[in-house]
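Subject: Structure handover

Hi,

Here is the structure I promised you. Please open it next to this email and follow along.

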Amino acid sequence: MNIPRWSIERPALVLLCTLAVAIWGVVNYFDISRREDPEIKIPTALVISMLPGASAEEVEREVTAPIERAVASLQSLDHQKSQSLANLSVVWVTIDYEADADMEWQKLRSKIQSIAGTLPSTVVGPRVWDSFGDTSAMIVLLQGADPITLKPYAESLRDELLTVPSIAEIDILGEQKEVIWIEGSVEAFQAYELHPLKLATILKARNLQIPAGRIRTQNGILRVETSGKYQALSEIEQTIIDLNKETGQPTYLGDVFKVRRGVEEPLQTALMHNDMPVMALSMTMKKNFNVVTLGRDVEKKLRQFKKRLPQGITVEVVHDSPKQVTNEINNFMNNLFQGLLVVVVCMALLLGLRPALLSAVSIPLSVLYALTLMPIMDVALEKVSIAAFIIALGMLVDNSIIVIDNIDVKMRQGCSRREAAWRGCQELIGPVIIGTLATVVAFFPMLLLTGTIGAYVRSLPLVVGVSLLGSLIFSVTFTPVVAEYVMPQPKEKKKEEAKEGRIARFYRWTISLCLRLRWLVILGFGAAIIGTVGLVLYLGLSFFPMANRDQFTVDIWLKEGSAVEETEQLAREVDQFVRQDPDVRSTLVHVGKGGPRFYITLKPEFQQSNYAQIMVTTKSAQKTEDTVQRIDQALKRKFAGARIFTKQLIMGIPVDAPIEIRLSGPDLDILKNLSEQIQEILRNTPGTENVRDSFGRAVPSLKVEVNTDRANRLGVSNSEVALAFLSSFEGFELTKVQEGDIEIPVKIRLNDHERMLGDQLLELPVPSSITQEHVPLGSIATIEPSWEPGVIEHRQSQRIVTILAQNKGRLADQILNEVLPKIEQIALPEGYEIEVGGERESMSKAFGELIKVFFIIVAAITLLLLFQFGGLRETIIILISVPQAIIGAMIGLLCGGYSISFMAFLGVVSLAGMVIKNAVVWMEFVIDARKEGLSIREAVIEAGIKRLRPILLTSVTTIGGLIPLALFGGILFEPMAWSMVVGLALSTVLILILLPVFYSVFFREKKEIAA
């Protein structure tokens, strides 16, 4: 079917369909989901359990190990790791990325439920938390009062914001749990023979509301409601705890103990802003919604809410993804329009204004065509999909340029505009289709990339492929229709011939020289390939660069076992120091746990009393890197000895640290010793900083050895010894008071000044449920201080220690190449292994898949070429253009000072299809020239002369479209753009020189063969 001629005969239909696609694309542009980064799920859930009073080893043995055995039977399990700490077990369960997460988490809950009964009876949990991977879209602060006062306002704001359609979930941060404390002296505990369990029974009985049933009357039925539950502190104080046997005089709780309402002590977590406690709301967005629309809706709600706040209480947005997304999209759209302008200017200079404008129309049409299909393909408007438009920008005019150039040729040959329009297009429709499909095939196999990295780049091949197919459709339908009316008459023949003659003479001289020295040229090409291999080794490998954001984090670690109050004090000092920096706008301090995942690659730390994190917002993204370096050095000087890590956010996928080495084995002491040896090697290697391991320091504890015989004679059990400590120090829960929809625990403990450790600890009164008397702890037990592991880490149920380090001034891959031979010299005992994780582990998987994709691309293109030309020699000659592009790509990275990152490697893979289109069209012209009887030498020269202008045009426009991305695309896309720019530029020159040379080698004249 002659599609161009068919289109010219039905111009109204073609123009109407084109207009419909354009309108549909414009509508989708305003409605399409917008995000900062591609939507990536984190296929990890946490299983959290608490075993009060247990050491890390006890938690490992009694809680973590049984949970790990249950989790190991999950069919979709990718890997699991765990941390066992004093009182706490956390198991990270990561499933295959492609698995149905909702279904797998349901299976996980069922497995955990099935073993819950086998765990110690005192275990709290286990609880499955499957929201670990959720990314916060916005964080809103409430400040101006203490957290208890702010709590009702935070809950009210949460309820209002949940009415926003795009909000999935809201977490309240900085909440301080209220407790009703019953505090007394040691004498009060000993008086009245009060056993904690007895006191709990008394309070629960008083705090119980038993249904009183109903009374039938003549007029109906009345429900009877009796008073019962505590409504006020005074009611707790008026609870009778004893009666005088002689006088019958009651003793009230308030006579012996002080009852007060306060907050949980010690605090588990705290949230601070500008050195003051605050509360915050962290919002996550539903799938396939527009984060910019979410921001507008939230801002509207906040304006209304602020009007109802009392004086002094304020609301502030400290993390604003909608604003980030708007800025990112605006920047990329500017790059897109700049690229479009460059393309139009290049075409106008080389082709003329009217043909240039006609070709340029295919760009917005192809973009709008892609926008019509993006929602159907579940592709949002984010940095990768917009970068895909910029990458495709120059290629979108290739087909139109090829068609318009040939239409111009036909008009010069004497054809009418109408005939030239369809003949010029139909004549090249075969190579145009094959060339476009080859380019699409170069991108589409990227969809085979799996896991997080596959999800991150998924929109790139889809957007490039669909927009290129759109450009193909418009070039064989819309372009011929419009060309009939707008193509200018050819210039005077003599003038054009003179101009073309100069170009032809220069090219003929160059290619003639290369054909005479063809073996020297081929030898030079081989040397260039060998040099490129060396260049690859010199450039080194990296994964993803640092994020260009106005945020970074400061992680603060104290020794294991540190109290939250101690952590909070150091965090305040560090925060005050950071806020003095002139480029810091604000900070938000999380004490006792990490903040929410406000950026996709951030990995929040779970609750630990010795940890704090500061989220720092700078005055501009451009100042972040310098600010991080400056503050990091200053903190190391001011807080020497403290474990404080200033970290810039990383693009791509989450890793704990760029350099990560895992040691596995059964004995913790041996693991610690091996870890120290590896850390020493890393510290002595240039380019490393913040070297540490996950083992932590030993935690001091008290071992209470109960003399069973003495305890039994006095009627005291081991559990009552534990109960004595709990009710005296941390607080033993007696009952709960219902207030609205929350329950406030009522706990008993000693007065503040009596909760200090000292010699009086052996005088701690231990109650006996049998004799109803108290005995001194020292009469039944001894106390010995001891040290025990603070953290025990597992991976795949094996004990491990992870050594972590940051890289500075050198690539992480280069550092590992230097240190691994030294580490391998360490003698490992039987049963101990070393494994590399971090950036190299992720990079090896991603690059390994990308190499497979590259060979799939080459194989698919080879099949296309064989289908088009039918001969193996023609196919091999065209494929030679691929290494030409790789040579140029490596030179581009060298000139720009970039390593071979994942995105740069992606650019190299993309070049494979881009350079082949020019080679396909060139080969088509050579074959036609040979059919006309020209010799091989004349055929390759004439094909080069005829294709010189369109080849230069397509290359220049593609390069021009990439220039804004190379200059202003940010650190993620600049290496990719430069590799493509230089690779395409060099391959364009080499195609016009090397392909004729190789053709003359593969195809020889008959007389030459006979000789």
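How many bridges join β2 to β3, and do they run parallel or antiparallel? Eight bridges join the two strands, and they run antiparallel. Before you go further, note that this is a predicted model.

**The strands around β3**

Stay with β2 and β3 for a moment. They form a hairpin, with two residues between them. Look at N87 in the turn: its phi is positive, about 75°. Strands of a sheet pair through backbone hydrogen bonds, either parallel or antiparallel.

β3 has another partner. Strand β1 (residues 44-50) is joined to β3 by seven bridges, and this pair runs antiparallel too. Find V91 in β3. On the β1 pairing, V91 is the bridge partner of V47. On the β2 pairing, S82 stands opposite V91.

Is β3 enclosed or open? Strand β3 covers residues 88-95, and eight of the eight are buried, so the strand is largely enclosed by the rest of the structure. Both of its faces are covered. L88, V90, W92 and T94 are buried on one side. S89, V91, V93 and I95 are buried on the other.

**H79**

Now go back to β2, residues 77-85, and pick out H79. Its side chain makes a polar contact with the side chain of D78, at 2.7 Å. Leaving aside residues up to four places away in sequence, H79 touches W92, V93 and T94. It also touches R795 and Q796.

**A six-stranded sheet**

There is an open sheet of six strands to look at as well. Its order is β14-β13-β18-β19-β17-β20, with antiparallel pairing. The edge strands are β14 (276-277) and β20 (643-648), and each pairs on one side only. Inside that order, seven bridges join β18 (residues 584-591) to β19 (residues 611-618). For one position in this pairing, find V591, which stands opposite A612 in β19.

**A nonpolar patch**

Last, turn to the surface. W509, L513, L517, L520 and L523 form a nonpolar patch there. Together they have about 540 Å² of accessible area. Which helices supply it? α21 (493-516) and α22 (518-539) each give at least two residues of the patch. L520 is found in α22. Is L520 buried or exposed? Its relative accessibility is 57%, and exposed means over 50%, so L520 counts as exposed.

Have a look and send me your questions.

Best wishes

Notes: Residues are numbered from 1 along each chain as its sequence is written. This is a predicted model: local features need pLDDT of at least 70, side-chain atom pairs count only at pLDDT 80 or more; totals for chains, interfaces and linings use all residues. Side-chain values use heavy atoms; hydrogens and water are left out. Helices (H or I, at least four residues) and strands (E, at least two) are DSSP runs, numbered from the N terminus. A polar contact is a pair of N or O atoms within 3.5 Å; within protein, one must be able to donate a hydrogen and the other to accept it, and residues adjacent in sequence count only if both atoms are side-chain atoms. Contact means heavy atoms within 4.5 Å. Patches are made of residues with over 30% relative accessible area and no salt bridge: like charges are joined within 9 Å, nonpolar side chains (Val, Leu, Ile, Met, Phe, Trp, Tyr) within 5 Å. Accessible areas come from the Shrake-Rupley method with a 1.4 Å probe; for residues, only the protein chains shown count as cover. A salt bridge is a side-chain nitrogen of Lys or Arg within 4 Å of a carboxyl oxygen of Asp or Glu. Buried means under 20% relative accessible area, exposed over 50%, partly exposed in between (1.4 Å probe, protein chains only). Two strands pair if DSSP finds at least two bridges between them.
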